[in-house]
Amino acid sequence: READHRAWTPVSYTVTRQNATVQGLIEGKAYFFRIAAENLIGMGPFTETTKEIVIRDPITVPDRPEDLEVKAVTKNSVTLTWNPPKYNGGSDITMYVLESRLIGKDKFHKVTKEKMLDRKYTVEGLKEGDTYEYRVSACNIVGQGKPSFCTKPITCKDEIAPPTLDLDFRDKLIVRVGEAFSLTGRYSGKPAPKVTWLKDDIVLKEDDRIKIKTTPTTLCLGILKSVREDTGKYCVTVENSTGSRKGFCQVNVVDRPSPPVGPVIFDEVYKDHMVVSWKPPLDDGGSEITNYIIEKKDTHKDLWMPVTSATVKTTCKVPKLLEGREYQIRIYAENLYGISDPLISDEMKAKDRFRVPDAPEQPIIKDVTKDSAVVVWNKPYDGGKPITNYIVEKKETMATRWVRVTKDPIFPGTKFKVPDLLEGCEYEFRVSAENEIGVGDPSPPSKPIFARDPIAKPSPPVNPEAVDKTKNSVDLSWQPPRHDGNGKIIGYLIEYQKVGDEEWKKANLTADSCPETKYKVTGLTEGSTYKFRVKAVNAAGESDPAYVRDPVEVKDRLEPPELILDANMAREQHVKAGDTLRLSAVIKGVPFPKVTWKKEDREVSPKADIEVTGVGSKLEIRNTVHEDGGIYSLTVENPAGSKTVSVKVVVLDKPGPPRNLNVSDVRSDSCYLTWVEPEDDGGSVITNYVVERKDVASAQWVAISSSSKKRSHMAKYLMEGTQYQFRVAAENQYGRGPYVETLKPIKAIDPLHPPGPPKNLHHVDVDKTEVSLAWNRPDRDGGAEITGYLVEYQEDGADEWTKFQTVPMLDCVVTGL
């Protein structure tokens with residue numbers, strides 16, 4: 001049967017010999033054979049060949065070996081390899097025979113003496129520079145077969161080839177922490193290159209985790225259980241004498257991040273929210289942080305509540321807090337590979353914590369010039385939020401409004417040069433601090449400074465001299481220095497020295513006690529002689545002294561009093577009522593005279609203020625009234641004589657009330673008013689009179705004339721029968737005086753006259769003691785209805801008439817005669 005079939009095929013049934021020829025086999029195929037014996041009884045068991053038999057021609061010598069190649073050449077050796085022949089001649093190869101021929105010779109010589117079955121051989125002991133060619137033959141049981149094709153001529157010399165490198169990895173590799181990774185590749189080169197592995201330019205060596213394996217053609221670096229520190233730039237170097245090649249791989253061993261870096265800073269704390277910040281993790285796990293997860297917890301509870309998980313900033317607002325409760329904040333960092341352990345804050349109470357900055361301390365002013373000054377201050381408490389700006393303000397000392405010196409921010413320095421000052425003006429400065437909450441209170445104002453250039457000491461005063469003296473004092477006078485050193489002269493220092501002494505004594509301790517160019521040195525000893533000197537002082541210091549030319553002997557001198565009148569002591573002084581009367585004069589005399597003020601030779605009013613100084617006297621009366629007018633005299637007297645001056649004072653005021661207001665010629669619609677001018681015209685001509693009337697039943701006075709200069713007025717347009725009151729006041733340029741009123745109301749009616757005599761008086765009847773009389777009405781009633789008739793009788797011869805009775809009718813009976 002064929003080796004690859006299972007079915008058996010019969011060859012012959014009638015073979016009686018112990019051999020047989022099998023026909024019809026196919027060359028090259030493998031077959032199994034079996035034989036069984038048969039007798040009359042039957043067929044016995046088969047016997048099989050033990051192994052397959054390939055159908056071939058009979059055994060020959062092997063074919064020629066194939067692929068003879070030169071693998072390496074040095075100056076004294078050649079290494080060759082080859083493959084077996086395609087056909088071994090039907091019998092196994094027993095050995096190979098390698099032969100060489102020196103170029104230029106005819107014969108090949110056997111290289112190997114021993115039996116060789118390997119298909120690689122290094123021919124050694126050659127001579128450098130010689131050239132050979134090689135061939136190889138295979139031998140089997142039959143004999144030696146044909147030789148292979150010859151190699152090309154090979155010259156013995158060292159062979160070189162620059163390194164090559166073929167890597168199995170890319171430029172970048174990402175590995176999770178704990179996993180293993182390997183970097184592999186192939187290389188070549190002649191001579192055989194040296195392989196070196198580096199990480200971040202440091203040579204790697206094998207240890208428990210790092211494994212390095214190198215074969216003549218392959219290289220491998222393996223790292224077990226990687227850690228974050230394995231992240232880095234890996235480099236493999238393949239180097240021989242002809243050069244080097246490098247391969248790189250950036251390995252990133254990634255993991256979840258480390259926790260955010262604390263502490264948690266509470267940037268803002270309010271009663272209902274907080275703003276917290278933190279620092280990113282020291283290790284982001286090899287992958288950028290995708291977000292932070294922030295949670296809050298009331299310290300009285302165990303439950304953490306989410307705030308946000310969608311922020312990549314390292315700051316977060318934590319809202320919805322309850323005032324007064326304490327909270328903790330915890331923060332996780334997250335990247336593509338996981339969430340870090342948390343950072344947990346300290347406890348913080350929810351309450352308003354920040355405010356505007358405090359007011360800085362009083363600023364100090366330096367480096368003052370005529371148009372600038374440098375303001376320096378200390379940083380105040382910032383109210384819990386960083387100060388972002390300082391506001392510097394200036395104002396002139398007499399002004400009320402503060403002005404910012406610049407709109408630009410002033411930060412972080414705590415000094416500022418203020419420009420654009422006005423030379424000679426006095427300024428104050430103040431500073432406020434600002435944070436994001438707002439602007440704090442301003443500092444106290446600085447000490448005032450004058451805008452002027454720095455000053456030097458002044459020159460000495462000019463021409464000091466003694467202008468007066470008494471038994472214990474000397475009056476000095478001088479002119480200001482020619483140069484004030486660019487600084488205001490604060491004052492002068494006066495010193496004196498008794499002739500014969502060495503020590504100069506100070507007459508005044510401070511310069512500001514003598515701001516004028518004169519000074520009275522007191523406390524001197526009568527009869528002694530003194531020297532004097534004067535120094536000028538400004539802010540920079542004292543000048544050199546200027547000396548009084550001659551020593552001065554201290555003793556009294558007599559000068560009669562002298563009065564130098566001021567303008568308010570002219571012959572007549574007018575002052576408006578309510579204003580202040582001032583009378584003053586300069587007084588001279590040695591010794592200083594006694595001063596006496598009088599009015600009309602009597603003491604002046606107690607309300608007068610009298611002031612006497614060493615150079616004069618002043619009398620002052622505030623809120624003058626008319627009675628303060630009169631003749632005032634000033635008397636000055638000393639042992640050398642006396643002097644008196646007088647001045648007439650007129651206090652100008654409103655006039656007094658008019659006098660003798662009289663009403664006459666009353667009619668039903670008018671009346672005539674007259675009066676006399678006031679006793680006191682107030683010191684000014686009366687300009688006009690004001691006349692007013694009032695209905696008795698009304699409370700309102702009505703002006704009927706306000707410009708009359710006469711002392712009479714016809715009041716017209718009265719209503720008949722109405723009772724009126726009248727009043728008059730005088731006016732001058734200082735105002736209207738008091739009114740004078742009529743004493744009683746005046747009724748607006750025409751004047752009444754007595755009626756005419758009754759007509760036709762006659763008796764009607766006569767009795768012994770009585771007479772009946774009758775008469776007629778008179779011709780005129782005098783302007784009013786007749787109310788009655790008065791009847792009188794007279795005894796004949798008597799002088800007087802006797803009234804009897806007033807009767808309403810035109811008749812009467814006179815009785816009692």
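This passage walks through two annotated regions, a sheet, a buried serine and some salt bridges in a predicted model.

Let's start with what the database record says. In an unreviewed entry, UniProt lists residues 163–252 and 561–646 under "domain: Ig-like". The first of these spans, residues 163–252, is 0% helix and 64% strand. Its end C-alpha atoms sit 28 Å apart. For residues 561–646 the figures are 0% helix and 62% strand, with 16 Å between the end C-alpha atoms.

Next comes a sheet built from five strands. This sheet is open, its pairing is mixed, and its strands run in the order 14-21-20-16-17. Strand 14 and strand 17 (202–203) take the edge positions, and each has just a single partner strand, so one side of each has no neighbour in the sheet. Further in, strand 16 (residues 194–199) pairs with strand 20 (residues 232–240). The two are antiparallel, and six bridges hold the pairing. To pick out one spot, Lys 199 faces Tyr 234 of strand 20.

Now for a single residue, Ser 617. This serine belongs to strand 54, which covers residues 616–621. Ser 617 has a relative accessibility of 4%, and because anything under 20% is classed as buried, it gets that label. What does the side chain of Ser 617 pair up with? One partner is the side chain of Trp 597, joined to that of Ser 617 by a polar contact of 3.1 Å. There is also a backbone atom to mention: the oxygen of Glu 611 is 2.9 Å from a polar atom of the Ser 617 side chain. Both Trp 597 and Glu 611 turn up again among the residues that Ser 617 touches, once those up to four places away in sequence are set aside. The rest of that list is Leu 583, Ser 584, Ala 585, Ile 587, Val 595, Ile 610 and Val 612.

Charged side chains are the last stop. Side chains of opposite charge can pair when their charged atoms come close. The count of salt bridges in this model is 32. One of them joins Arg 186 to Asp 168, with 3.1 Å between the closest N and O atoms. This pair ties together distant parts of the chain, 18 residues apart: Arg 186 is in strand 15 (residues 181–190), while Asp 168 is in the loop between strand 13 (161–167) and strand 14 (172–176). Arg 186 is partly exposed, at 36% relative accessible area, and Asp 168 is partly exposed too, at 45%.

Are the partners in the next pair buried or exposed? Glu 295 and Arg 330 form a salt bridge whose closest N and O atoms are 2.5 Å apart. Glu 295 is in strand 24 (residues 291–298) and Arg 330 in strand 27 (residues 326–335), so this pair links distant parts of the chain, 35 residues apart. Both Glu 295 and Arg 330 are buried.

Lys 395 and Glu 428 make another salt bridge, with the closest N and O atoms 3.3 Å apart. Again, distant parts of the chain are linked: Lys 395 lies in strand 33 (residues 389–396) and Glu 428 in strand 36 (residues 426–435), 33 residues apart. Lys 395 is buried, and Glu 428 is as well. Finally, Glu 495, Arg 533, Lys 535 and Glu 542 form one network, joined by salt bridges that share partners.

Terms used
Residues numbered from 1 in each chain as written. Predicted model: local features only at pLDDT ≥ 70, side-chain atom pairs only at ≥ 80, totals over all residues. Heavy atoms only, no water. Helix = DSSP H or I, 4+ residues; strand = E, 2+ residues; numbered from the N terminus. Buried < 20%, exposed > 50% of the residue type's maximum accessible area, 1.4 Å probe, protein only. Polar contact = N/O pair within 3.5 Å; in protein donor to acceptor, adjacent residues only side chain to side chain. Contact = heavy atoms within 4.5 Å. Salt bridge = Lys/Arg side-chain N within 4 Å of Asp/Glu carboxyl O. UniProt positions renumbered as here; feature names shortened; annotations may be inferred. Pairing = 2+ DSSP bridges.
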